[in-house]
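Open the structure in your viewer and keep the selection tool at hand. Each stop below says what to select and what is there.

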Amino acid sequence: MNEEEASLFDMLWLLLASVIFVPIFQKIPGGSPVLGYLAAGILIGPYGLSIIRHVHGTKAIAEFGVVFLLFNIGLELSVERLSSMKKYVFGLGTAQVLVTAVVVGLVTHFISGQPGPAAIVIGNGLALSSTAVVLQVLQERGESTSRHGRATFSVLLFQDLAVVVLLILIPLISPNSSKGGIGFQAIAEALGLAAVKALVAIAAIIAGGRLLLRPIYKQIAENQNAEIFSANTLLVILGTSLLTARAGLSMALGAFLAGLLLAETEFSLQVESDIAPYRGLLLGLFFMTVGMSIDPKLLISNFPVIMGTLGLLIGGKALLVALVGKLFGISIISAIRVGLLLAPGGEFAFVAFGEAVNQGIMSPQLSSLLFLVVGISMALTPWLAAGGQLIASRFEQHDVRSLLPVESETDDLQDHIIICGFGRVGQIIAQLLSERLIPFVALDVRSDRVAMGRALDLPVYFGDAGSREVLHKVGAERACAAAITLDTPGANYRTVWALSKYFPNVKTFVRAHDVDHGLNLEKAGATAVVPETLEPSLQLAAAVLAQAKLPTSEIAATINEFRSRHLSELTELCEASGSSLGYGFSRIASKSKPQPPDSSDENQITEGTLAV
């Protein structure tokens, strides 16, 4: 069999194993596709059936799965939303890495008897977690926008920066280095040079992206060539990844920056759709290569040592991260969940320990044991996440005091949405926002609704949405909009009035029970008022017309005609009385007319159109 055929057979086996194992593990309680990929990798890898022998080449391709994952995360964020997380990225992230590295390093040196350089590498390597596995698990569980999900992502983002320092440090503390050990001046010079290169690369990506991305994509979109559009997206991802790699940073960080910049353009949704197939396949391949590094025979022969090390890693690291998280204002339950998610090792440990072996810092036997511990810990991540949810449901108190909003739990939010009322309508809005990773908080005065939202890991709090103090605690001064869906007209009116008076920066979108209610809400300062009976009535009418055997096209025409006529009547009402009852479009548009044609005017009209 020649090399081309061997590569083709490797690919077929990889696809076959994923098709078989992933559905099986998805059906296991608490299972995850990640576990299926890991199991498939163990079976067909060099330590299993040895079907895949060229693991190194497979790993080189699989690393792009992490690159595409981080690019996708960047697309779903924005520069503004990322800046609001700086407290956790640089505060909590720095504290987690330093505290964990120091504690693990000291234990390795004084208890395990490893020399200083090896203890430094092991401490820093095990302080890192798996960006790919943890983010995938958070997305699968729908917890990316939860309190612990945001904190976890922030720490992972800092770890991607910290790994650069570790990789620079390893050659400098090697006994084979020209300094013969730790040279502090050499370390300072190397880190300073690396910081300059990193800043230049990041600045180049941000400046070039903001200047070039939008016009380039606009030109390609005008040509209406889908293939070239996709090719340009791949060029952006791989180009920024290469630039950061050449600067000594991780490729994934470059892709993340590219995603952040593209998130500010109108092409982000199409780009996300284009990369979805690449991301899914390559990420699955990455998880399979992690499985290939797990040696079951080595596990059996060193079972007590490996299980003891694994228990110390997960238990100790979870405890340290939880304590650090509590110091940064995270509730004890959320801090424990962050600790459990970050407790396993990460893919960068493989790189760091492999480089340490090459530099003579640690023995190949020790690195093999650590590879196995890290690989098994990564495989446990989905179950650790499930365990965190179980702890939250069992030990989180569900009395009213524990459901009240706490300012320290919302101080990282910026440009978020406030959902006032977590009934059926509020829950639908929350689901839609969660799917798009748009930050929000919800308020309700029924503790059963709040407890139900908390059980789903949603940021739902007990409180009166018409209270200035409650609105302040959920960050209303930093919010961009509020969706008001309370049960009674009086509660809706009070909430609109409070937001308009105390937090005029928040645009209020509220449902009206009837015309008089809608007029009162507009007088109170509502940005847009939506009649709650119109669309349900039209949907019900469409169902009745379908039962009456009318053609689908005629039903659609009838419904659209009625809707258009209704909205035109509302427009006439607006012109006659100044009211905009009915989606707020006319009022927003009319308010924008006296203003000069700048970007803020365009935003106002767009908001009105979206309200329709």
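Which residues form a nonpolar patch on the surface? Select Leu8, Phe9, Leu12, Trp13, Leu16, Ile20, Ile24, Ile28 and Trp383. Together these residues have about 840 Å² of accessible area. Keep in mind throughout that this is a predicted model.

Now colour helix α1, residues 3–27. This helix gives the largest share of the patch, 7 residues. In a helix of this kind, residues three or four places apart point the same way, because an α-helix has 3.6 residues a turn. Trp383 belongs to helix α18, residues 381–395. Trp383 counts as partly exposed because its relative accessibility is 39%, and the buried class stops at under 20% while the exposed class starts at over 50%.

Zoom out for an overview. The protein has 612 residues, and 49% of them count as buried. Its secondary structure comes to 28 helices and 6 strands. About 28,500 Å² is exposed, 65% of it supplied by carbon and sulfur atoms.

**Covered helices**

Select Val121 in helix α6, residues 116–127. Is Val121 buried or exposed? Val121 is buried, at 0% relative accessibility. Show what surrounds this residue: leaving aside neighbours within four places in sequence, Val121 is in contact with Leu166, Ile170, Ile173, Ala352, Phe353, Ala356, Ile361 and Met362. One of these, Ile173, is 52 residues away along the chain, yet the two C-alpha atoms are separated by 9.3 Å.

Next, select helix α7, residues 131–141. This helix is mostly covered, with 8 of its 11 residues buried. Among the buried residues are Thr131, Val134, Gln136 and Leu138. Step on to Gly142, which follows α7 and has a positive phi, near 70°.

Move to Thr240 in helix α10, residues 226–246. Thr240 is buried, with a relative accessible area of 13%. What does its side chain reach? The side chain of Thr240 reaches the backbone oxygen of Ile237 at 3.1 Å. Not counting residues up to four places away in sequence, Thr240 touches Ile205, Gly254, Ala255 and Ala258.

**A pair of strands**

Select strand β1, residues 417–420. In a regular strand the side chains alternate between the two faces of the sheet. Here Ile417 and Ile419 lie on one side, Ile418 and Cys420 on the other, and all are buried. Add strand β2, residues 440–444; β1 and β2 run parallel and are joined by 4 bridges. Opposite Ile417 stands Phe440 in β2.

**Salt bridges**

The count comes to 4 salt bridges. Select Arg449 and Asp487, whose side chains meet at 3.4 Å, N to O. Arg449 lies in helix α21 and Asp487 in the loop between β4 and α23, so the pair ties together parts that are 38 residues apart in sequence. Arg449 is buried, with a relative accessible area of 15%, whereas Asp487 is partly exposed at 44%.

Then select Asp464 and Arg494, which form a salt bridge with the closest N and O atoms 2.7 Å apart. This pair links distant parts of the chain: Asp464 is in the loop between β3 and α22, and Arg494 is in helix α23.

Last, select Glu477 and Arg478, whose side chains meet in a salt bridge at 3.3 Å, N to O. To finish, add Asp444: salt bridges that share partners join Asp444, Arg449 and Asp487 into one network.

Terms used:
Residues numbered from 1 in each chain as written. Predicted model: local features only at pLDDT ≥ 70, side-chain atom pairs only at ≥ 80, totals over all residues. Heavy atoms only, no water. Helix = DSSP H or I, 4+ residues; strand = E, 2+ residues; numbered from the N terminus. Buried < 20%, exposed > 50% of the residue type's maximum accessible area, 1.4 Å probe, protein only. Polar contact = N/O pair within 3.5 Å; in protein donor to acceptor, adjacent residues only side chain to side chain. Contact = heavy atoms within 4.5 Å. Patch = residues over 30% accessible without salt bridge, like charges linked within 9 Å, V, L, I, M, F, W, Y side chains within 5 Å. Areas by Shrake-Rupley, 256 points an atom, 1.4 Å probe, with all protein chains shown as cover. Pairing = 2+ DSSP bridges.
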